[in-house]
Amino acid sequence: MPDLDIAKLLSEAVTRLNDDEIGGAEASLRAVLDGGSAVPQAQMLMGVVRLRQKRPKDAEIMFRKVVTQQPDQPATLYYLGNALRDQGDHAAAVTSYRKALLARPAYQDAELALAASLRSLGELEEAKAIYRRIMARAPQSAEAASGLGAVLNELGEHAQAEKILAAALKFSAPSDLIAEIENNLGIAKMSERRFTEALPHFERAVALVPNHPGAAKNRARVLDYLNQPVRAADAYRRVLANAPLDLNTHLLLNELLHRSGQTAEMLRSYDEAGRTLPSSPVPHVAKGDQLLLMERPAEAAECYRRALRLKPDHLAAHIGLGRALNALGETEDALKGLEAAQKIFPNDPDFDTAFAYALIRAGDAGKALKFADRAIAMAPSHQAALAVLGLCYRAKGDGREEALNRYDSFVQVFDLEPPAGYDSMASFHDGLRVHLDDLHGRSKEFFSQTLRGGTRTVEDIFELHHPLRDLLKQRITEAIGRYIGTMPESSDHPFLSRRQSGVFRFSGSWSSRMSGGGHHVNHIHNGWISSVYYVDVPRIAADTNSHQGWLKFGEPSTDLGFRDAARRLVQPKPGRLVLFPSYLWHGTVPFHSDETRMTIAFDAVPFSKS
């Protein structure tokens, strides 16, 4: 074999990499590495090739070989961080980027990558400091400005984000980075409910990068907020054209079609996704889920069966088919199907939870308890599993129901003080009511939610900023802090053990308005702490005998067979906030009055930086 000209091969590899000729670069490097030469530069470059080929694990292997020989080589440590990041291991990536920066301080690529991974881990303040440090040194860095603006948006500092991002649009940058700056600038304005101003930013971002997922979704959301249902529906469909399995966008589109009266178009997006991806069971399962919510179980069952023909071991399809058969009154067939599916899913908390519910419906609380216990052992904070566990205890007369649910102490009432600048909650509600009425005026109930006979807002109440909503959010945040502060220490109770540091975040918030027979069917939430805050209450709720419009706890959905099973009732009053565990069954007693009941509700979860 002739002697290799290693220097020439390495030079060729670098040139080909720079020209994006990945195959040619790989061939040059293989000639070096397959010849038995453990050349660190060749290994490092081969790692870069693997990154470009989207093979991050193989890239990691190559970079680690180099680090073994040259532990302080900053470029290799930086690329190793990228390989770890691309595998989703941001914590390990951060460690590698920090080592690169120890070896070469002010290594800007490593700083930018470190800040991005810190942002992914929720370490926003440190990410912000790094971006600011880069910009102090390189004021025209469009990438640092884009990252800083995104972090400021996540921190709620939208005015600062807007200032930095608007300036960054004047910097020289590639089109994909300009699109990201436009998207982040749109987010800053959307978060302050400046929807008309935000829209052009999202549209420019989509024009630059047509498949930009964030900008395309944000454009659709803003059009929805602006009450432009036809354009919003078209925008959601464009998102789905690029991401047919984006189930959240499917739901947003179909809720919009329902609210705007375009019922003939509902659920067609799932059919289109199924045609685009004919071998995927996911669109059929998702359509089945929505049909169940629309109380069309026979059609739902056929969707689940179609999914199972495509993928016989699809978990959600088995669970959905069981639910559909139960809704059709075919309880025995539902149980037989789930019994058979046990062999496929021997250790899955979602399956065990679904089986426990089916067994409760069939009256077999003993066997249901076995599956509920097993689900909790695998997933201690699984809210649906905790809810059915409580029902198993109740059906068996087991005192552990009270230990789990503690209706008297876990359900707490807070009558809030008026926000600063208001002498009473009544005067505060005068302005808040006008604002919420405007939001409700262009909405209706969501088919996927528990409200019956009323309307629900499209906007997330606490995600988007409005002066009155922000004032209420502050008062509610204070009350949640007091609620968490009263929780006793416990490492084994599924509700109390999630307290940890006591820091939380809102995971969704909305307003509901109902009158004359309106109510919420009994349900649970997938959170940690759930709530209801009363803005308007009908006068009939003052009747302590009929309890009309009252909040009830402990009574499950009617299909589970527990009748008149409420464990606690709470009287609604304007300015009253009720907090409780998300797994507690709750609903409202229907009321018969022309007056309005208006509430704000939210879920809160423990804040986790990861």
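## Strand β4 and its partners

In this predicted model, strand β4 (residues 529-536) pairs with β9 in the antiparallel sense, over five bridges. Two residue pairs mark the register. S530 of the β4 stretch stands opposite D603 in β9. Y533 stands opposite I600, also in β9.

β4 also pairs with strand β7 (residues 576-581). Five bridges join β4 and β7, and the two run antiparallel. Here S531 has L579 of β7 as its bridge partner.

## Burial of the strands

How many residues of β4 are buried? Eight of the eight are, so β4 is largely enclosed by the rest of the structure. Strand β9 (residues 596-606) is mostly covered too, with 10 of its 11 residues buried.

## The nonpolar cores

The largest nonpolar core has 81 residues. Within this core, I476 and I529 have the most contacts. Apart from that core lies another, of 60 residues. Its members include L45, A113, A161 and L177. In soluble globular proteins, nonpolar side chains tend to be buried together.

I529 falls in the β4 range, residues 529-536. What does I529 touch, leaving aside its neighbours within four places in sequence? Its contacts are I480, Y483, I484, M487, F495, L579, F580, S582, F602, D603 and A604. L579 appears again as the β7 bridge partner of S531. D603 appears again as the β9 residue opposite S530.

## The α9 and α10 pair

Helix α9 (residues 142-154) packs against helix α10 (residues 158-168). The angle is about 160°, and the axes lie 8 Å apart. That angle is over 145 degrees, so α9 is roughly antiparallel to α10. The crossing of α9 past α10 is left-handed.

Which residues make the contact? On the α9 side they are A145, S146, L148, G149, L152 and N153. On the α10 side they are H158, Q160, A161, I164, L165 and A168. One of these, A161, is also among the residues of the 60-residue core.

## M514 in strand β3

M514 is found in strand β3 (residues 504-520). Is M514 buried or exposed? Its relative accessibility is 2%. Buried means under 20%, so M514 counts as buried.

M514 and G454 are 60 residues apart along the chain. Their C-alpha atoms are separated by 4.1 Å.

Methods:
Residues numbered from 1 in each chain as written. Predicted model: local features only at pLDDT ≥ 70, side-chain atom pairs only at ≥ 80, totals over all residues. Heavy atoms only, no water. Core = buried A, V, L, I, M, F, W, Y, C linked by side-chain atoms within 4.5 Å. Buried < 20%, exposed > 50% of the residue type's maximum accessible area, 1.4 Å probe, protein only. Contact = heavy atoms within 4.5 Å. Helix = DSSP H or I, 4+ residues; strand = E, 2+ residues; numbered from the N terminus. Pairing = 2+ DSSP bridges. Axes fitted to C-alpha atoms, helices over the stretch in contact; angles between N-to-C directions. Parallel < 35°, antiparallel > 145°, perpendicular 65-115°, else oblique. Left-handed = near helix turned anticlockwise from the far one by under 90°.
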